[in-house]
Amino acid sequence: SAMSRVQLFVVPQVPSHVSAPSTARPAGALTQPGPSIHEGCWDTASRVGLAAFAGLATLNAAHARRRPASSRHAGLTMVSAPPETFAALRDKSVYLAGLSVAKTFYASMMGGCYVGMAGLLALAIGGNVTVGMSTPVFATMVFAALFPVNLLLVLQSGGQLFTGNTATMSIGIFENKVNKTDVIRNWVTAYGGNIVGCLLIALMASYTGMWQGPTASLAQTIALKKCSFTFGQTLVKAIMCNWLVCMAVWLATSAHDLTSKMVGIWFPISMFIAIGFEHSVANLFLLPAGLLAGAPLTVGDIIMKNLLPVTIGNAIAGVFVVGGGFSFAFGMMGQGPYGSFRGIWKKLTGGSDAAD
């Protein structure tokens, strides 16, 4: 039994017929100091700790032997294969579609709050550690290092972001698991919740006096830069951005432990920040932060020069690049006539033959 295996690690008692060694010292022998009370306690604690550890190890080994071989193998796998990750996101789309508007809004508001908190952290640290520096590169790298924590908080707490949902819900519709009404309801509700969450953190930072000094200066600089490009440039940068963000969601979904999830999140998110791509939910915090910090912009400026093209570009990446791409690779879109160049050509030409 388990208890009998644990008892194997208990120090055995000395048999009664064996006499204990004499502790008497010869006459005239020098008296040696015995172990201190601290040494004795440490020795006892060490023995108890080793016995407990060995007992737990034995129990765990016994439990592992009782598990099926397939289960023991699965426990050694740190990430899921791409088809399994695709299936998980497909199932997640069904779950998201089944949530009420109130629950979706709450999860999205919390997601916006986590994005805002990470953005505030990056602005506060990035602005203050680069005081006096003539180049913004170091501030960008600090921002890229700190900001990815937001997605870990969002995904591990059940929060929702519009950007990630563009891919997840698209997978569901490409796989015939959800309908267009489900997708539109989720996207609109998630975007609204993200707006509320991001604005809430920006206003709380303003109320507590955080928009001053180097933090305010960095917030102004970022807001002005984000509104200085053409519609087309911003649109393309938004496509590239959400491609990476959805890949971060993909990698986090495939990972089985928290460390692996953070690694999968950190690299793609830090990439889009360091390069300078555009993320609509991040901008829902950064642009109001810039306004509150004193940037010479209007609400119309941040909507027309940034949020509108960024939102469109993020949706394009989520729907077509990630959602459609993975559905073609692992799902229904790659089955049947659309699974080969010849089949696609026939569909496009109405039956004409062509080589693969």
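## A charge over a ring

Lys 237 lies over the face of Phe 229. The distance to the ring centre is 3.5 Å. This comes from a predicted model.

## Aromatic pairs

The structure has 9 aromatic pairs. One of them joins Phe 86 and Phe 330. Their ring centres are 6.3 Å apart, and their planes meet at 50°. That makes the pair tilted, because a stacked pair needs planes under 30 degrees apart and an edge-to-face pair needs over 60.

Where do Phe 86 and Phe 330 lie? Phe 86 sits in helix H4, residues 82–98. Phe 330 belongs to helix H14, residues 299–330. The two parts are 244 residues apart in sequence, so the pair ties distant stretches of the chain together. Phe 86 has a relative accessibility of 2%, so it counts as buried. Phe 330 is partly exposed, at 33%.

Phe 330 also pairs with Trp 250. This pair is stacked, with 20° between the planes. The rings are 6.2 Å apart, centre to centre. Trp 250 lies in helix H11, residues 231–254, and Phe 330 in helix H14. Here the pair ties together parts that are 80 residues apart in sequence. Trp 250 is buried, with a relative accessible area of 7%.

Ring pairs build a cluster from Phe 86, Trp 250, Phe 326 and Phe 330.

## The nonpolar core

How many residues make up the largest nonpolar core? The count is 68. Seven names stand out for touching the most other members: Leu 123, Phe 143, Phe 147, Trp 211, Ile 269, Phe 272 and Phe 285.

Take Leu 123 as an example. Leaving aside residues up to four places away in sequence, Leu 123 touches several aromatic residues, namely Phe 143, Trp 211 and Phe 285. Its other contacts are Thr 215, Leu 218, Ala 219, Ile 222, Leu 286 and Ala 289.

## An unusual backbone angle

Most residues other than glycine have a negative phi. Asn 176 has a positive phi of about 60°, although it is not a glycine.

Where is Asn 176 found? Its place is the loop between helix H8 (162–174) and helix H9 (180–207). Is Asn 176 buried or exposed? Its relative accessibility is 59%, so Asn 176 counts as exposed.

Key:
Residues numbered from 1 in each chain as written. Predicted model: local features only at pLDDT ≥ 70, side-chain atom pairs only at ≥ 80, totals over all residues. Heavy atoms only, no water. Helix = DSSP H or I, 4+ residues; strand = E, 2+ residues; numbered from the N terminus. Buried < 20%, exposed > 50% of the residue type's maximum accessible area, 1.4 Å probe, protein only. Phe/Tyr/Trp six-rings, centres within 6.5 Å; stacked < 30°, edge-to-face > 60°. Lys NZ or Arg CZ within 6 Å of the ring centre and 35° of its normal. Core = buried A, V, L, I, M, F, W, Y, C linked by side-chain atoms within 4.5 Å. Contact = heavy atoms within 4.5 Å.
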